[in-house]
Amino acid sequence: MIARKDLAYCWIARGDRVLFLRRVPGVFLAGHWELPGGTAEPDEPFEATAVREVAEETELTVRVTGELARDSWPDVAGRALEIHAFVYTVEEDGAGDVVLNPEEHDDFAWLASREAERLEMAEHFRRLL
């Protein structure tokens, strides 16, 4: 039987720019850029996952306004695991400063899609652009 892992991410836009975070050295996909988000806890609604992960990773407060995309793929490490990712559009509760969790990310950038295309990122994020 193939296990399932659910991920939820946020498309946080300020004007025509979107927030991307860079993963720290020593973690899976180190140095890659991604949207704020992460793994859903058991029985956690995906929208709640997205909001919680943004707060944990950036200290920004957001609320989900819609679903932008969903994608799925087999585990890239070859485990018997199927990944399901949901990307939500959100609105910020004020435009706060991004404060990174240093255990997860070491840099952030507000980028237009054409700028983000040049970053090293996982294929599921590249498909969004």
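Me: When do two strands count as paired, and what is the order of strands in the open sheet of this predicted model?
Reply: Two strands pair if DSSP finds at least two bridges between them. In this predicted model, four strands are joined with mixed pairing into an open sheet. Strand 5 (37-39) and strand 6 (62-74) are its edge strands, each pairing on one side only, and the order across the sheet is 5-1-7-6.

Me: Over how many bridges do strand 6 and strand 7 pair?
Reply: Strand 7 covers residues 81-92 and runs antiparallel to strand 6. One of the paired positions is Pro-74, whose bridge partner in strand 7 is Glu-82. The two strands pair over 11 bridges.

Me: At about what angle does helix 1 run to strand 1?
Reply: Helix 1, made of residues 46-58, lies across strand 1 (3-11), strand 5, strand 6 and strand 7. Its angle to strand 1 is about 60 degrees.

Me: Which strand supplies the largest share of the largest nonpolar core?
Reply: This core has 19 residues, and those with the most contacts inside it are Tyr-9, Phe-20 and Leu-35. Strand 1, strand 3 (17-23), strand 7 and strand 8 (105-111) each supply at least two of its residues. The largest share, four residues, comes from strand 7.

Me: How many residues has the other core that lies apart from this one?
Reply: In soluble globular proteins, nonpolar side chains tend to be buried together. Here a separate core includes Ala-8, Leu-21, Leu-60 and Tyr-88. Tyr-88 is also among the residues in contact with Tyr-9, yet the core that includes Tyr-88 lies apart from the largest one and has 14 residues.

Conventions
Residues numbered from 1 in each chain as written. Predicted model: local features only at pLDDT ≥ 70, side-chain atom pairs only at ≥ 80, totals over all residues. Heavy atoms only, no water. Contact = heavy atoms within 4.5 Å. Axes fitted to C-alpha atoms, helices over the stretch in contact; angles between N-to-C directions. Core = buried A, V, L, I, M, F, W, Y, C linked by side-chain atoms within 4.5 Å. Buried < 20%, exposed > 50% of the residue type's maximum accessible area, 1.4 Å probe, protein only. Lists of a residue's contacts leave out its neighbours within four places in sequence.
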